[in-house]
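This briefing goes through one protein chain, topic by topic, for a reader who has the coordinates open. Please keep the display at hand while reading.

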Amino acid sequence: MDMVRRWVGPTVVLCIYGFCSMMRPVEPFMTEFLTGSYKNFTTEQVTRRVYPVWTYSNLVLIIPVFLVTDFLRYKPVIVLQGLCNVGAFLLVLVGSGVCSAQWAFFIYSLGTAADVGYFAYIYSVVQPSYYQRVTSYARGAILLGYAASALLGQLLVSLGGVSLYCLTVVTLIALCMALFTSIFLPMPKTSLFLRETYYARQGSSGEDTQSGSESRDSFIWLRRSRTAAKYAGRMLRKLILDCKDCYSSMAVLFFCIWSATGRCGFYQVSSYVQVLWVYKQPQHNFTAYNGGVDSVATLSGAAASIAVGHVSLEWCVWGELILGGFTLLIAGAVFLMALTNNIWLSYTCYMLFKTLYMQLITICTFQIARKLTRERYALVFGVNSFMGTVLQSVLTSIICSASNPHLSHQFFVYASYFAAIGLLFTVRGVYTALHRNQPSPGNQAERATHLPQGSRL
């Protein structure tokens with residue numbers, strides 16, 4: 001009973017925080033809020049001067065935040081995320097001018113970079129036997145919060161006639177509740193990455209007791225050190241070595257490639273789709289249904305993610321081909337979004353796009369996790385997120401550097417991007433399927449090996 005209470009308490013508090021932190025009913029209408037009578041920004045200002053700030057700032061902040069998260073033992077980073085979310089939307093509400101909006105999105109990017117602390121926290125306060133359960137609860141709280149938020153925003157706008165200004169106030173109240181909840185999270189006694197890495201490495205490498213004692217002494221020295229630069233340098237060297245081990249496996253590499261490239265394309269499309277809808281929706285007497293579309297897309301994506309977890313398939317043979325085929329469908333949906341002038345068809349294509357993405361990213365996640373030891377989850381997923389942000393920054397700079405880019409042309413670029421990824425994985429998937437169906441000693445060895453033998457912890 002004590003063991004159950006030990007994981008139930010932190011999990012409940014974390015889920016409440018996750019639900020409240022995603023209660024942002026104004027977010028599906030953010031572009032309309034910025035370009036409407038409240039801020040009077042032009043779509044060009046929003047597209048080329050405001051939204052790109054989040055992408056570039058996230059690229060700069062994600063690595064420092066990742067390194068500091070373990071050092072601070074997670075809870076301070078979660079509290080920082082709550083503060084950043086409140087500060088960003090408060091600045092959006094009361095600020096004026098493009099510069100104020102840029103600062104708001106910079107602060108918001110710091111909160112986004114702190115996402116790594118959310119899932120890492122729960123692993124540091126519960127026993128490994130509860131990891132799968134608490135992960136599903138924590139992710140479910142986020143998805144439920146986002147879907148409920150979008151639906152609430154749509155109902156308030158469509159049926160209640162609530163202004164977007166009031167919707168921003170409701171968002172601020174929910175984020176303040178999330179910040180207040182984060183204070184009650186118990187502080188982990190130890191970090192996760194360093195603790196598991198040092199002890200697990202010594203336990204599985206067969207080194208002698210003296211070596212294990214030296215490792216523990218090193219761990220204690222690291223924890224007691226007050227010099228953040230030395231900590232960051234030592235941790236960075238270890239990260240590089242672990243990355244080399246993890247990505248040397250082709251079974252991991254290709255799913256990581258899709259995870260990074262798919263993340264880049266998803267955030268590009270989802271960041272600018274509201275601007276596209278403002279451009280395509282009828283100009284007179286039209287009620288935007290952005291919130292309803294986002295809510296339905298999130299729920300259908302969650303259902304698709306759950307469904308794919310129950311599919312019995314030899315993923316090592318057919319996984320890449322499935323990724324390629326469904327990515328081509330995503331490219332087709334984005335292409336139709338750019339081509340059509342019908343707002344309802346554009347809404348439908350976006351729902352299809354988000355549903356397919358959430359399904360495919362789920363496949364990549366559990367395939368990567370299946371081939372890694374537990375303490376390397378955060379490392380690999382963090383590196384994938386970073387690489388996706390790098391690609392996103394490059395794509396954003398290309399789009400923003402173009403002279404007077406038309407929104408439809410911008411989405412043609414995104415569709416072509418997904419088509420290239422889909423074609424690459426389709427060709428690779430066909431090759432893998434044909435190669436695996438021809439049994440050979442080398443094939444069987446590759447199938448049985450998840451990581452190189454020398455890199456196992």
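How many helices and how many strands does the protein have? The protein has 18 helices and 0 strands, in a model that is predicted. Of its 457 residues, 51% count as buried, and the accessible surface comes to about 20600 Å², of which 66% belongs to carbon and sulfur atoms. Among the contacts with a separation of 6 or more, 86% are accounted for by residues 24 or more positions apart.

**Confidence of the prediction**

- The average pLDDT of the protein is 77, and 76% of the residues score at least 70.
- Residues 217-222 stay under a pLDDT of 50, and for this stretch the model has 13 contacts beyond four places in sequence.
- The pLDDT is likewise below 50 over residues 442-457, a stretch that has 35 contacts in the model beyond near neighbours in sequence.
- Where pLDDT is low, the predicted coordinates should not be read in detail.

**Annotated transmembrane regions**

- An unreviewed UniProt entry carries the annotation "transmembrane region" for several stretches, among them residues 53-72, 77-97, 137-156, 315-338 and 411-431.
- Over residues 77-97, one of the stretches that the record annotates in this way, the model is 86% helix and 0% strand, with the end C-alpha atoms 29 Å apart.
- Residues 315-338, which also carry the annotation in the record, are 100% helix and 0% strand in the model, and their end C-alpha atoms lie 33 Å apart.

**Salt bridges**

- Side chains of opposite charge can pair when their charged atoms come close.
- With a cut-off of 4 Å between a side-chain nitrogen of Lys or Arg and a carboxyl oxygen of Asp or Glu, the count comes to 4 salt bridges, including the three pairs described below.
- R24 is paired with E27, the closest N and O atoms being 3.3 Å apart, and both of these residues are buried.
- R48 and E44 form a salt bridge at 3.6 Å, N to O, and both belong to helix 3 (residues 43-72), where they are 4 residues apart, about one turn of the helix.
- Are R48 and E44 buried or exposed? R48 counts as partly exposed because its relative accessibility is 24%, and E44 is also partly exposed because its relative accessible area is 46%, both values falling between the limits of 20% and 50%.
- D294 and K354 meet in a salt bridge with an N to O distance of 3.2 Å. This pair links distant parts of the chain, with D294 in helix 13 (residues 290-308) and K354 in helix 15 (residues 343-370), 60 residues apart. Both D294 and K354 are buried.

**Buried positions and their contacts**

- N85 is found in helix 4 (residues 75-94) and counts as buried because its relative accessible area is 3%, which is under the 20% limit.
- Leaving aside residues up to four places away in sequence, N85 touches R24, Y108, G111 and L175. Of these contacts, R24 is 61 residues from N85 in sequence, and their C-alpha atoms are 10.0 Å apart in space; R24 is also the salt-bridge partner of E27.
- S346 lies in helix 15, the helix that also holds K354, and S346 counts as buried because its relative accessibility is 0%.
- Not counting residues up to four places away in sequence, S346 is in contact with L276, W277, M337 and T340.

**Surface and exposed positions**

- Y38, Y165, V169, I173 and M177 form a nonpolar patch on the surface, together contributing about 450 Å² of accessible area; of these residues, I173 has its place in helix 8 (residues 164-182).
- N40 sits in the loop between helix 2 (30-35) and helix 3, and although N40 is not a glycine, it has a positive phi of about 60°. N40 counts as exposed because its relative accessible area of 57% is over the 50% limit.
- G332 is placed in helix 14 (residues 315-339) and is partly exposed, with a relative accessible area of 33%.
- G332 and A419 are 87 residues apart in sequence, while their C-alpha atoms are 7.9 Å apart in space; the record's transmembrane annotation covers residues 315-338 and 411-431.

Notes
Residues are numbered from 1 along each chain as its sequence is written. This is a predicted model: local features need pLDDT of at least 70, side-chain atom pairs count only at pLDDT 80 or more; totals for chains, interfaces and linings use all residues. Side-chain values use heavy atoms; hydrogens and water are left out. Buried means under 20% relative accessible area, exposed over 50%, partly exposed in between (1.4 Å probe, protein chains only). Helices (H or I, at least four residues) and strands (E, at least two) are DSSP runs, numbered from the N terminus. Contact means heavy atoms within 4.5 Å. Patches are made of residues with over 30% relative accessible area and no salt bridge: like charges are joined within 9 Å, nonpolar side chains (Val, Leu, Ile, Met, Phe, Trp, Tyr) within 5 Å. Accessible areas come from the Shrake-Rupley method with a 1.4 Å probe; for residues, only the protein chains shown count as cover. UniProt positions are given in the numbering used here, feature names are shortened, and annotations may be inferred rather than shown by experiment. pLDDT is the predictor's confidence in each residue, from 0 to 100.
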